[in-house]
Amino acid sequence: MQAFTVHKGLVAPMDRANVDTDAIIPKQFLKSIKRSGFGPNLFDEWRYLDKGEPGQDPTSRRPNPEFVLNQPRFIGASVLLARQNFGCGSSREHAPWALEQFGFRALIAPSYADIFFNNCFKNGLLPIQLPEAQVDRLFDEVAAFPGYTLTVDLPRHVIMKPDGTELPFEVQAFRKYCLLNGFDDIGLTLRHADKIRAYEAERLARMPWLAQTTRGPNE
């Protein structure tokens, strides 16, 4: 998982409340057994005018020119500004995968669905919760100033605006530790790889029959 420390990025506004995970990554793209390749289909039903299917070449599709992420001024955005209850709906982990693989590193909204919020931290995304009045102000500033960027400083728990104003945010200490070090659940476990190997070696020495391959009666 990519570590997160300080990130400066172009902001894209998703001015819709209750954006659910089926909108973030539609169900037909969940068939893959891999956890990569979802970025091109982020917000697929909103980004394109034709219906998309897994494996389809995005260059053969008809983009929706009205959708925010297709507008030239927001190409390359890596901070997503959203409204209330972002990530609601089903608990698919593919939603943060798609956002991260599209290029987003941080999300800013007044509130998130709980499971989506937790899944973001496990996949290198920083979901920041700010008061609704501050989010409204950010939407106004993004609309008024093309090329609007924000700097997210995780160690200091602040968002820095272009005029130097700082917006503090809260993040739970363990989640912050994991993001700063790039630890997902597997990475957390692998911190103890030496102890795990030592335990397995000691157990095998005491119970050598565990090394034998168990075969069925017809093998």
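This passage walks through the sheet of a predicted model and the helices packed around it. Local features need pLDDT of at least 70 and side-chain atom pairs count only at pLDDT 80 or more, while totals for chains, interfaces and linings use all residues. Residues are numbered from 1 along each chain as its sequence is written, and side-chain values use heavy atoms, leaving out hydrogens and water.

A good place to start is the open sheet, whose 7 strands follow the order 4-3-2-1-5-6-7 with mixed pairing (strands are DSSP E runs of at least two residues, helices H or I runs of at least four, both numbered from the N terminus; two strands pair if DSSP finds at least two bridges between them). Its edges are strand 4 and strand 7 (166-168), each pairing on one side only.

Strand 3 (residues 106-109) runs parallel to strand 4 (residues 126-129), joined by 4 bridges; here Ala106 is partnered with Leu126. Strand 3 also runs parallel to strand 2 (residues 79-81), through 3 bridges, and Leu80 has Leu107 as its partner.

Turning to the helices, helix 3 (residues 94-102) and helix 4 (residues 114-121) have axes that come within 9 Å and cross at roughly 50° (axes are lines fitted to C-alpha atoms, for helices over the stretch in contact, with angles from 0 to 180 degrees between N-to-C directions). Ala95, Pro96 and Leu99 of helix 3 meet Phe116, Asn119 and Cys120 of helix 4 in this contact (heavy atoms within 4.5 Å).
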